Amino acid sequence: MIDTTFDPKTVEPRWSEAWEKSGAFAPRRDGEAFSMVIPPPNVTGSLHIGHALNNTLQDVLARFERMRGKAVLWLPGLDHAGIATQMVVERQLAESGANIDRRAMGRDAFVERVWAWKAESGGQILHQLRRLGASCDWSRERFTLDEGLSAAVRKVFVQLYREGLIYKDKRLVNWDPHFETAISDLEVENREVNGHFWHFKYPLENGETYDFPIAFGADGAPTQWETRDYISIATTRPETMLGDGAVAVHPSDARYAPIVGKRVLLPLAERYIPIITDDYPDPDFGSGAVKITGAHDFNDYKVARAHDIPLYVLMDAKGRMADAEHVPAKYRGLDRFEARRQVVADIEAQGLLIKVEDKKIMQPFGDRSGVVIEPMLTDQWYVNAGELAKPAIAAVETGQTVFVPRNWEKTYFEWMRNIEPWCVSRQLWWGHRIPAWYGADGQVFVAESEAGAIAEAKKKGAPGPLTQDEDVLDTWFSSGLWAFSTLGWPKKTQDLKRFYPTTVLSTAFDIIFFWVARMMMFGLHFMKDVPFKTVYIHALVRVASGAKMSKSKGNVADPLDLIDKYGADALRFTLAALAAQGRDVKLDENRIAGYRNFGTKIWNAARFCQMNECALWADFDPASPKETVNRWIVGETTKAAAAVTRELEAFRFNEAASALYRFVWNVFCDWYLELIKPLLSGEDESAKEETRRTAAWALDHVLRLTHPFMPFITEELWARLGEFGAKRDGMLIVDHWPALPDSLIDEKADAEIDWIIRLITEVRSTRQELGVAPVARIPLVLIGASDAASTRLERYQDLIDRLARLEYSTTADAAPAGSVTFVLDEATVALALEGVIDFAVEAERLKKDISKLEGELRKNEAKLNNPDFVRKAPEEVVDEIRERRAEGVAARAKLQSALDQLRKPA
């Protein structure tokens, strides 16, 4: 028998183990292939709410397609997470008290230490995903540094190098002085901070002067000038001025036309630099003149390359001023921020400081180190992403790969069509070491193994021993191969043949550039086909108000805490129900509690059915029922199955969940189970038996349709309900998905039951709005009814009277005195309330409620009609006010309708 209550803490781990042991997560041998690769979480990571959302949606798809008979492969794995993992182990070393760091340990010993940490502590997130119910084929778990994937990485690097698509170059990168490595844009966190604009004078060579306009007329023409022997520049990073190679002004900026082509003295550095023109400076921003520090600013770098301006590297790997000829001796070895203070003091001492302006500025920080990132000119390995992007762009243009929602294709195109060379080298020890070896004469030999490099060096007569490149590859390089390397490539495996290209990739919008695009490029280049047919982009999970979750604000939802509190099913259903395409998920814990109640509703419905001996003892033909209510539920089940299927196929998870919720809660539980109670307790044994079998059939379909969203409770009920009646063929996870013909929809039964439901619903609503006590039994009179309506009232009179709490119901030619009325199709329904309520008191209550609502509406309207408020208020606040206004308008209409009825009693 089914227990009184559902206990997730005991049921969830039991079914997780049973599913995995049974092999249910592995793809079946036959059937159409459906494959997904999990976006590999960091080996250091733990489950956060974004993971919970994405993996819930992926699991919904996996369970849905598995029940549809497809060979589902959902392949799990972990990313080695270069910086994050190295940081964790280095921190452990620092805290161990052993007084040793990685450099003292040496590379081999340190990497061995990281592997030991990974074996002991890494990958806990995969165990946490099991708690969520993720039905990945865990037997195929991959790791971006495992032997097979490492071989794939080496092969890709070598092939791209030989094709001229990987090369070494000196370019500007994001440099993290703490980790002493280049990092990707994704690992840079731009924050608004309090900063300064320092305005300096750069003196013109040989004391030259020019007239600079300082006042303008209404037409914008200069009216007053001053003679200057300098050009004014502004900077947020004064220490970088020591690396200036030029000063740039816009070619249209007439103020500087007399001095374009001349030179200025770079203060402190005591060298002359030219004044050039370029479209980069904005004449309306600051002085309109921009210092060009090509080795330490990304925009300046482009200008410097375009004009062949020298690039002066000012700092070493730790962010200290370099021991270089172009850096004045007094600054060498200083930390960059100490150098900043010294440079400003020295500029001021020379009388060249114009002013210091306090200003909010955007500053880049390393997301792991927390230090300010320095744009740095370094030697790195690069991929010619522009060339690889061409077929990847065409594949989306031609529909080989489709983004859902489609608007994300625009984001993809914008980045891909303006793509820069991809820096793939990192100055770390944990990762895929670059398969390049150097001879004593500096020649480079790229090969899949050291033996291969030695053989190549011998062919070219390179002298001396070879030394391998110290750098490792960007983590995104190996994860870019994820869709095919995990299936066995470069070997021609059966998995690769069967499951590539994968069917769907579900991921977040913020890694379209860093992962999706790179998988597209690599997949098309090495597999000659797209890595996935559909890319589903899910939204961001926010707090209930719409604000972003932030650790600093303490408003981050921990999915494991929510699972402990409400169960995995409730969290999963909530996330799916809120996952509307193109709209962020506003996670409200009250919604999770509400969907836990949804699970309880299903549980109690199953207990009701079991206690009333609802079971399938043999094959049941859903076209066989004779009773109207049973024909109706068969049709409703058919419509619900079609709706859920349609919405899941279109990745409209919220619509699928909504259709399912309405069917289960409103149709099956609230109406069908109530409507069949007289049949189950009646004396017509044939009708009783039919109803039991129909209810069992419908409940089985409830469980099938709900299973992808709430796998644990449905699997438990499937097993418990199978204790009676015909034995189950197996677990629900591998049962068949409902595919019911439209011929099961009975329009006559629909119309009849729909009429009853609308009548009872309107009576209940009217009672509530007019303050009729729940215990009060009131008469109902149907006026002007058709023969069909009169027959329905007579046939279902006892049922209607019970569910609507009526004293009696009948037909008549006129409404009784003191009645309120509403229209139902061609008929008028009159509720006799004389002596049941005080019309005057209720009217006064409704007026007060309406007045209160109108006051709230006026406040909301005032805010929304205020352009300044709408422009300045956070988007989530404006959205919430709009929602409150819409709710208020609807509530006012209902109250007004009730008041109108009280004013005109029959």
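**Notebook: cores, helix pairs and two residues**

I began with the nonpolar cores, and the largest holds 159 residues, where Leu587, Trp632, Phe668, Phe709 and Leu759 have the most contacts inside it. Helix α21, residues 653–675, gives the most to this core, with 14 residues. I kept in mind throughout that this is a predicted model. Another core lies apart from the largest one; this other core has 61 residues, and I noted Leu149, Phe403, Trp476 and Ile512 among them.

I then picked Phe668 and asked which residues it is in contact with, leaving aside neighbours within four places in sequence. My list reads Ala605, Cys609, Ile633, Phe663, Leu673, Ala695, Ala698, Leu699 and Val702.

**Whole chain**

I stepped back for the overall picture. I found 30 helices and 31 strands in the protein. The C-alpha atoms fill a box of roughly 110 × 75 × 55 Å along the principal axes. Of the 906 residues, 54% are buried. I also looked up how contacts spread along the sequence: among those with a separation of 6 or more, 78% are between residues 24 or more positions apart.

**Helices α25 and α27**

Next came helix packing, and I took two numbers for each pair, since two packed helices are described by the angle between their axes and the distance between the axes. For α25 (residues 747–769) and α27 (residues 797–804), the axes come within 9 Å and cross at roughly 30 degrees. Angles under 35 degrees count as roughly parallel, and I therefore entered α25 and α27 as roughly parallel to each other. Their crossing is right-handed.

I went through the contact residue by residue. On the α25 side I have Trp755, Ile756, Leu759, Ile760, Val763, Arg764 and Arg767, and α27 supplies Ile800, Leu803 and Ala804. Sorted by class, this contact of α25 with α27 has 8 nonpolar, no polar and 2 charged residues. I was pleased to meet Leu759 again, as I had already listed Leu759 with the residues that have the most contacts inside the largest core.

**Helices α17 and α19**

My second pair was α17 (residues 559–566) and α19 (residues 589–611), which pack at an angle of about 40 degrees with their axes 11 Å apart. That angle makes α17 oblique to α19. I noted a right-handed crossing for α17 and α19. Leu562, Lys565 and Tyr566 of α17 meet Glu589, Ile592, Ala593 and Arg596 of α19. By class, I recorded 4 nonpolar, no polar and 3 charged residues for the contact of α17 with α19.

**His80**

Is His80 buried or exposed? I looked, and His80 counts as buried because its relative accessibility is 0%. His80 sits in the loop between β3 (77–78) and α3 (82–95). Not counting residues up to four places away in sequence, I see His80 touching Val43, Thr85, Phe143, Thr144, Leu145, Trp430, Gly431, His432, Thr475 and Ser478.

**Tyr161**

My last stop was Tyr161, in helix α7 (residues 147–162). At 27% relative accessibility, Tyr161 counts as partly exposed. With residues up to four places away in sequence left out, Tyr161 touches Ile166, Trp381, Val444 and Val446. I also checked Tyr161 against Lys492: they are 331 residues apart along the chain, and their C-alpha atoms are separated by 22 Å.

Methods. Residues numbered from 1 in each chain as written. Predicted model: local features only at pLDDT ≥ 70, side-chain atom pairs only at ≥ 80, totals over all residues. Heavy atoms only, no water. Helix = DSSP H or I, 4+ residues; strand = E, 2+ residues; numbered from the N terminus. Buried < 20%, exposed > 50% of the residue type's maximum accessible area, 1.4 Å probe, protein only. Contact = heavy atoms within 4.5 Å. Core = buried A, V, L, I, M, F, W, Y, C linked by side-chain atoms within 4.5 Å. Axes fitted to C-alpha atoms, helices over the stretch in contact; angles between N-to-C directions. Parallel < 35°, antiparallel > 145°, perpendicular 65-115°, else oblique. Left-handed = near helix turned anticlockwise from the far one by under 90°. Nonpolar A, V, L, I, M, F, W, Y, C, P; charged D, E, K, R; others polar.
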